[in-house]
Amino acid sequence: MKRRSRTVSGTAPQGPRLRPTLDGIPTYKPGKPAGADAYKLSSNENPYDPLPGVLEAAVKAAGSFNRYPDMGVSELTAELARRFDVPVEHIATGTGSVGVAQSLVLSTAGPGDEVIFAWRSFEAYPIITQVAGATPVPVPLTAGGDHDLDAMLAAVTERTRLIFVCNPNNPTGNVIHRAELERFLDAVPAEVLVVVDEAYIEFIRDPEVPNGIDLYRDRPNVCVLRTFSKAYGLAGLRVGFAVAHEPVANALRKTAVPFGVTQIAQDAAVASLRAEEALMVRVDALVEERARVVAGLRAQGWEIPDSQANFVWLGLGERSQEFAAACAAAGVIVRPFPEGVRISIGEAEGNTIFLSVAEAFRKTIDG
């Protein structure tokens, strides 16, 4: 039987009708990959090999990838519940923290609803909001790169369903201290979900920054978002999780992609949690390297935020692409944005090359 192509007014056959709102949604832009002779400082990855026992656990799990993974992510969920002293029912997992973040938006917001976040912050926030059909409400950072919590509160309307708070903020590295974050959380209406995104919490050394899990315990409208992609070094396996009260966590399980977290990712994450001593040695080394980079930049005359993440930020504005090109020419790949450049803390050699480029570029600014 012949299939007939429908035409409209004699025009060529039309394809499937896609949602027109997709036309206005930007595609997520990952950090530019590095060649064999360049250092990749563009994606906030952990430069170290997998932690002891993790590769072995992943290889063992790979032997059964002809089978579906444990959809309930049972072993990892139980391990996380023990680690953070929370009920198993309060844990929800997903394909990296961005996968869980998308489930959070899908669980709370749709057409006509609003999602608030600081800007610039994590690039995925406006994308996943628009994918859900909701309206993104970006609130500019302060001149120093901090969340403007008062302005974010002022942006709350009857249509607000969710607020993302990135602490430390990606890409500036700034943090929100306990007193101001608690004041903010207590002022947000109880029916609005606040997601404290702590993708970089392991790198924080400022004692005034709270642990989001402490804040969630007696606040039903607070959810904590975390990932194994950064400090734990499992970026390529895609596993993240949320800690939230049962109604929210249950909604996340409903909106998650079935079997989204592979068995390899689950087993590697469990092994990573059990290698915490080795993890902290590596994280401490990255924090020490961060301090070297920050000190070097400030000695060159740069005014930069006090980063508490595994990256630093140069607010170069319109010269961001120029600086990124200079870094690439020297053998390091960094992440330019319209407002500035984010540079991940990677191997010491790559960081040193970056500092050399920054010093030369600083001279062009100072004249």
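Biologist: Which strands form the open sheet of three, and what is the pairing?

Modeller: The order is β9-β12-β11, and the pairing is antiparallel. Strands here are DSSP runs of E with at least two residues, helices are runs of H or I with at least four, and both are numbered from the N terminus. This is a predicted model, where local features need pLDDT of at least 70 and side-chain atom pairs count only at pLDDT 80 or more, while totals for chains, interfaces and linings use all residues. Residues are numbered from 1 along each chain as its sequence is written, and side-chain values use heavy atoms, with hydrogens and water left out.

Biologist: How do you know that β11 and β12 pair?

Modeller: Two strands pair if DSSP finds at least two bridges between them. Two bridges join β11 to β12, and Arg-335 stands opposite Arg-342 in β12. Four bridges join β9 to strand β12 (residues 341-344), with Leu-314 opposite Val-341.

Biologist: Why are β9 and β11 said to stand at the edges?

Modeller: Each has a single partner strand, so one side of each is left without a neighbour in the sheet.

Biologist: What makes both faces of β9 count as covered?

Modeller: Phe-311 and Trp-313 on one side of the strand, and Val-312 and Leu-314 on the other, are all buried. Buried means under 20% relative accessible area, exposed means over 50%, and partly exposed is in between, with a 1.4 Å probe and protein chains only. In a regular strand the side chains alternate between the two faces of the sheet.

Biologist: What is the order of the seven strands in the other open sheet?

Modeller: The order is β2-β8-β7-β6-β5-β3-β4, with mixed pairing. β2 (91-94) and β4 (135-140) stand at its edges, each with a single partner strand, so one side of each lacks a neighbour in the sheet. From one strand to the next the twist averages 25 degrees. β2 pairs with strand β8 (residues 240-243) in the antiparallel sense over four bridges, and the bridge partner of Ala-92 in β8 is Ala-242.

Biologist: What does helix α8 touch when it packs on the sheet?

Modeller: Helix α8 (residues 246-255) touches β2, β6 and β8. Touching, or contact, means heavy atoms within 4.5 Å.

Biologist: Why are α3 and α8 called roughly perpendicular or roughly parallel?

Modeller: Their axes come within 9 Å and cross at roughly 105 degrees. Axes are lines fitted to C-alpha atoms, for helices over the stretch in contact, and angles run from 0 to 180 degrees between N-to-C directions. Angles under 35 degrees count as roughly parallel, over 145 as roughly antiparallel, 65 to 115 as roughly perpendicular and the rest as oblique. α3 and α8 are therefore roughly perpendicular to each other. Among the residues in this contact are Val-100 and Leu-104 of α3 and Val-248 and Leu-252 of α8.

Biologist: What term fits α10 and α12?

Modeller: Helix α10 (residues 276-299) and helix α12 (residues 348-366) pack at an angle of about 10 degrees, with axes 10 Å apart. They are therefore roughly parallel to each other.

Biologist: How do you know that the span of helix α3 agrees with its 13 residues?

Modeller: The expected span is 1.5 Å times one less than the number of residues. For α3 (residues 96-108) that gives 18 Å, and the end C-alpha atoms are 19 Å apart, which agrees.

Biologist: Why does Lys-230 count as buried or exposed?

Modeller: Lys-230 has 17% relative accessibility, so Lys-230 counts as buried. Lys-230 is found in the loop between β7 (222-227) and β8. Not counting residues up to four places away in sequence, Lys-230 touches Ser-43, Asn-44, Asn-46, Ala-199, Tyr-200 and Phe-203. UniProt lists Lys-230 for "modified residue: N6-(pyridoxal phosphate)lysine" in an unreviewed entry. UniProt positions are given in the numbering used here, feature names are shortened, and annotations may be inferred rather than shown by experiment.

Biologist: What term fits Arg-238 at 32% relative accessibility?

Modeller: Arg-238 counts as partly exposed. Arg-238 also lies in the loop between β7 and β8, and its phi is near 60 degrees, a positive value in a residue other than glycine.

Biologist: Why is Val-73 called buried or exposed?

Modeller: Val-73 has a relative accessible area of 3%, so Val-73 is buried. Val-73 has a positive phi of about 50 degrees although it is not a glycine.
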